[in-house]
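Visitor: I would like to learn how to read the features of a structure like this one. Could we go through them in turn?

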Amino acid sequence: MTSFLDPLIGFVSAHPWLAYLALFLAALLEAIPVVGALVPGSTIILALSALVPGGELQLPGVLAAAIAGALLGDGSAFWAGHRSQREILSAWPMSKYPAVMAQSEAFFQRWGMLAVLFARFVPPIRAFVPVTAGALGMPPVRFYGVNLAAVIAWAMAHVLPGVFAISALHHYAGLPHHQHVGKHIWILGVVAASIIALGVWTLRRRQARTGLRPGAGPT
């Protein structure tokens with residue numbers, strides 16, 4: 001894995017604009033209904049944040065790319081729902097995920113305006129709440145106002161941990177930036193955590209479909 005990461009870090013250092021584009025697309029696609037449940041946008045952003053302390057990427061550019069992508073994705077999904085109203089909630093491809101759509105609508109009905117803020121941090125409904133908010137008649141001015149604050153907070157929560165972690169490894173553990181050891185630790189940790197989270201989510205979905213629970217057995 002190290003032999004793969006070193007050339008990748010070198011490539012990003014030589015072509016940072018491609019990394020910013022990847023960050024933008026990761027945030028954008030993660031905000032699109034259905035697609036957002038499949039694209040590991042958060043993993044990409046968390047991983048690439050490790051390249052800020054060493055200078056391969058710049059913090060303002062990373063934050064701007066993530067924020068712009070998320071705003072465009074959320075805003076487009078909201079506007080689609082606002083124009084189509086409730087019809088879009090039962091249209092393809094949302095119709096293939098009735099449980100998630102029901103969860104998203106219940107989440108919005110429970111929290112109202114705050115659902116736009118909270119949903120940014122709750123996958124997989126993060127990709128479904130904006131279109132639900134539009135379909136259920138949330139005023140655009142109110143949505144975009146709350147969404148801007150939510151996206152900024154979300155971007156900072158995904159970028160700054162990697163920046164602080166790598167900086168701490170550099171200053172307190174004595175791991176130099178040019179050897180990329182700290183970056184390797186962070187990126188591999190993020191990928192491993194994402195795989196574990198995906199495994200847990202998949203297991204829970206299977207249990208929900210079959211009606212099984214941990215420890216349950218035949219009676």
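**Pocket, cavities and rings**

Guide: Start with the open spaces; the largest pocket has a volume of about 800 Å³. Keep in mind that this is a predicted model.

Visitor: How many residues line the largest pocket, and which lie nearest its centre?

Guide: The lining of the largest pocket is made by 28 residues. Those nearest the centre are Ala 37, Pro 123, Ser 194, Ala 197 and Leu 198.

Visitor: Which element gives the most to the lining of the largest pocket?

Guide: That is α9, with eight residues. Both α3 (41-48) and α9 (181-210) supply at least two residues each to this lining.

Visitor: How many residues of the lining of the largest pocket are nonpolar, polar and charged?

Guide: Sorted by class, the lining of the largest pocket holds 18 nonpolar, seven polar and three charged residues.

Visitor: What links α3 and α9 in terms of distance?

Guide: Take one residue pair as a case. Ile 44 lies in helix α3, and its C-alpha atom is separated by 8.9 Å from that of Val 190, although the two are 146 residues apart along the chain. With a relative accessible area of 30%, Ile 44 is partly exposed, because that class runs between the 20% limit for buried and the 50% limit for exposed.

Visitor: Turning to closed spaces, how many cavities of 30 Å³ or more does a search of the whole structure find?

Guide: The search finds two cavities of that size. The largest cavity contains about 50 Å³ of space.

Visitor: Which residues line the largest cavity?

Guide: Its lining consists of Asp 74, Val 116, Ala 119, Arg 120, Arg 126, Val 129 and Pro 130. Two elements, α6 (114-119) and α7 (129-135), give two or more residues to that lining. By class, the lining of the largest cavity divides into four nonpolar and three charged residues, with no polar ones.

Visitor: Arg 120 is in that list. Where is its place in the chain, and is Arg 120 buried or exposed?

Guide: Arg 120 is placed in the loop between α6 and α7. Its relative accessible area is 3%, so Arg 120 is buried. Another residue of the cavity lining is Asp 74; the C-alpha atoms of Arg 120 and Asp 74 are separated by 9.6 Å, with their positions 46 residues apart along the chain.

Visitor: Over which ring does the charged end of Arg 120 sit?

Guide: The charged end of Arg 120 sits over the ring of Trp 154, at 4.5 Å from the ring centre.

Visitor: Now the aromatic pairs. What should I look at?

Guide: Two values describe a pair of aromatic rings: the distance of the centres and the angle of the planes. In this structure the count comes to four aromatic pairs. One of them is Phe 78 with Phe 143: the ring centres are 4.1 Å apart and the planes stand at 5°, so this pair is stacked.

Visitor: Why does the pair of Phe 78 and Phe 143 tie together parts that are 65 residues apart in sequence?

Guide: Phe 78 belongs to helix α4 (residues 59-84) and Phe 143 to helix α8 (residues 140-172), so the pair ties together parts at that separation. Phe 78 is buried at a relative accessible area of 0%. Phe 143 also counts as buried, at 0% relative accessibility.

Visitor: How are the rings of Phe 78 and Tyr 144 arranged?

Guide: Their centres are 5.5 Å apart and their planes at 75°, so this pair is edge-to-face. Here too helix α4 holds Phe 78 and helix α8 holds Tyr 144, so the pair ties together parts 66 residues apart in sequence. Tyr 144 is partly exposed, with a relative accessible area of 35%. Phe 78, Phe 143 and Tyr 144 form one aromatic cluster.

Visitor: With which side chain does the side chain of Glu 30 make a polar contact?

Guide: The partner is the side chain of Ser 42, at 2.9 Å. Glu 30 has its place in helix α2 (residues 16-30). At 4% relative accessibility, Glu 30 counts as buried.

Visitor: Last, how many helices and strands does the chain have?

Guide: The chain comes to nine helices and zero strands. Of its 219 residues, 38% are buried.

Note on methods. Residues numbered from 1 in each chain as written. Predicted model: local features only at pLDDT ≥ 70, side-chain atom pairs only at ≥ 80, totals over all residues. Heavy atoms only, no water. 1 Å grid on protein atoms, 1.4 Å probe; cavity = no way out; pocket = protein on both sides within 12 Å on 5 of 7 lines; lining within 4 Å. Points joined across faces, edges and corners; volume = space filled by probe spheres on them. Helix = DSSP H or I, 4+ residues; strand = E, 2+ residues; numbered from the N terminus. Nonpolar A, V, L, I, M, F, W, Y, C, P; charged D, E, K, R; others polar. Phe/Tyr/Trp six-rings, centres within 6.5 Å; stacked < 30°, edge-to-face > 60°. Buried < 20%, exposed > 50% of the residue type's maximum accessible area, 1.4 Å probe, protein only. Lys NZ or Arg CZ within 6 Å of the ring centre and 35° of its normal. Polar contact = N/O pair within 3.5 Å; in protein donor to acceptor, adjacent residues only side chain to side chain.
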